[in-house]
Amino acid sequence: MADGTESARTESARAPVGGAPPGGAPPGGAQAPTPEDAYLERRTLRRGSAGPLLLTGLGVAYVVSGDFSGWNFGLSEGGFGGLAIAALLMGLMYACMVFALAELAAILPTAGGGYGFARRALGPWGGFLTGTAILIEYVLAPAAISIFIGDYVESLGLFGLESGWPVYLACFILFIGIHLWGVGEALRFSLVVTAIAVAALLVFAVGALTDFDAGSLNDIPVDHSAAGATSWLPFGLLGIWSAFPFGMWFFLGVEGVPLAAEETRDPARTLPKAMAWSMGILLLLALLTFLAATGARGSGAIQEAGNPLVEALQPDGKATVLSRIVNYAGLAGLVASFFSLIFAGSRQLFALSRAGYLPRFLSLTSRRKAPFLGLLVPGAIGFALAAWTGDGARMLNTAVFGATISYALMSLSHIILRRREPGLDRPYRTPGGTVTSSIAFVLACSALVATFLVDKDAAFIALGVYAVALAYFAFYSRHRLVAAAPEEEFAALAEAEAELSRD
């Protein structure tokens, strides 16, 4: 990446934001502000707003709605045994990836997250491919969750509202408004709502486990035409693979914690701890939720339920005090994930825009240091998609497809940086090194292929979005990158060091 073409591109990328003053430093030795300084000053986030507790809450908030619904559809693909194995393998993938990302986040604690990591390891194309995949996930997932929030509001009879565009619009306006208020306020709100959802999951588990019956786990009829079909694997061995995307729902989004790096106190130490704590909590919640729900009512009864936890607590179809509590808490879980995913999408868009991969005006920040256009534009797109399609499942499947691409590229970035730059300062080192990230890479590629088994249309929709984005990058933005952006400077430093080592 350090050949003449790349060097010329880096120099031309610096031109739009200017260079050092031709006259050098002004009298007295003080350095005059440069156009780069002015450019970045209008694109800064509020530093030091998040500590370990808020970041751990953020990591759990990304995911917690997946415990309340969605994962159970994997029972229709793989049965109890197939989904159990799929969830175990996806949990392994996320754990390995989180450890790898913790190392990368400590090296490069910027808002670019996965884009920044891949930019250094895989060059501009790799950085853009990774960042775009992350954006697909974080723009479509909130749109899908707004539809699920509408369904919950209608089912609970709140204020007599029905699920539809007014509810979706209210969600986007209210929660984007809190984000515009400030990141500290936003993360504290997210922590409170997440705590309510987690507490409800624990209460559910205690209540449901009192009716646990191991014999009801394998009550889905066996498809004897499927290879390897048993009562535990009613859809055979292929059912395990088909259940991968649903096993991901217990963990989908936790990788977004590094996107808060520029707003974190002491990120090199705080981010790895927060990511590890988040993953530990999510693994525990996944285990309790999965076993309690299937064991209380049976896999067959909840495999197609829109609200599986409530269904598990109502064997005769009649609501109880506990089922009502869990039902309202499910709404809190959806709000927590919706709210935090908006945060993640805005930070990834902010970083890509600041570096010139996307239109630069999208990275402008307000007086309260919030990327207001990075919040408003994806919010408008998400609302439009929700109101137009009303198909939350399709949008979530499309988001999962984008997520798996980013997982593979981020894991690959860790492997490449470990081998190409072994001497790079690493405040935190991934346990197991490249073996850990290699496991994540292989499982991510397997999950990517599995999305075609579940929803081919969603996969092709994501590919279509990818094709449009790549055309924009190939013909326009790659010639206008901003070399002063932190992620670009980090990559340029590596390229300069590589050139020196060859001389």
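These legends walk through an overall view and several close-ups of one predicted model.

Residues are numbered from 1 along each chain as its sequence is written, and side-chain values use heavy atoms, with hydrogens and water left out. Because the model is predicted, local features need pLDDT of at least 70 and side-chain atom pairs count only at pLDDT 80 or more, while totals for chains, interfaces and linings use all residues.

**View 1. The whole protein is built with 19 helices and zero strands.** Helices (H or I, at least four residues) and strands (E, at least two) are DSSP runs, numbered from the N terminus. The radius of gyration is 23 Å, close to the 23 Å that the globule rule gives for 503 residues, so the protein is as compact as a globular protein of that length. That radius is taken over C-alpha atoms, and the rule is 2.2 Å times the number of residues to the power 0.38. Along the principal axes, the C-alpha atoms fill a box of roughly 85 × 50 × 40 Å. Of the 503 residues, 58% count as buried; buried means under 20% relative accessible area, exposed over 50%, and partly exposed in between (1.4 Å probe, protein chains only). Among contacts with a separation of 6 or more, 82% come from residues 24 or more positions apart, where a contact means heavy atoms within 4.5 Å.

**View 2. Phe175 and Phe339 form one of the aromatic pairs in this structure.** A search of the whole structure finds 23 aromatic pairs. Rings of Phe, Tyr and Trp (its six-membered ring) pair if their centres lie within 6.5 Å; planes under 30 degrees apart count as stacked, over 60 as edge-to-face and the rest as tilted. Phe175 and Phe339 are edge-to-face, at 5.9 Å centre to centre with 90° between the planes. The pair links distant parts of the chain, with Phe175 in helix H7 (residues 165–181) and Phe339 in helix H14 (residues 321–354), 164 residues apart. Phe175 is buried at 8% relative accessible area, and Phe339 is buried at 2%.

**View 3. Phe250 and Phe290 meet edge-to-face.** Their ring centres are 6.3 Å apart and their planes stand at 65°, so the pair earns that label. Phe250 sits in the loop between helix H10 (244–247) and helix H11 (267–297), and Phe290 belongs to helix H11, 40 residues apart. Phe250 is buried, with 1% relative accessibility, and Phe290 is buried too, with 7%. Look around these rings for their companions: Phe250 and Phe290 belong to one aromatic cluster with Trp71, Phe80, Tyr94, Phe251 and Tyr407.

**View 4. Asp266 and Lys369 have positive phi values.** Most residues other than glycine have a negative phi. For Asp266, phi is near 50°; this residue is found in the loop between H10 and H11 and is partly exposed at 43% relative accessibility. For Lys369, phi is near 60°; its place is the loop between H14 and H15, where Lys369 is partly exposed at 27%.

**View 5. Ala384 lies in helix H15 (residues 372–389).** Ala384 has a relative accessible area of 40%, so it counts as partly exposed. Ala384 and Ser65 are 319 residues apart in sequence, and their C-alpha atoms are 22 Å apart in space.
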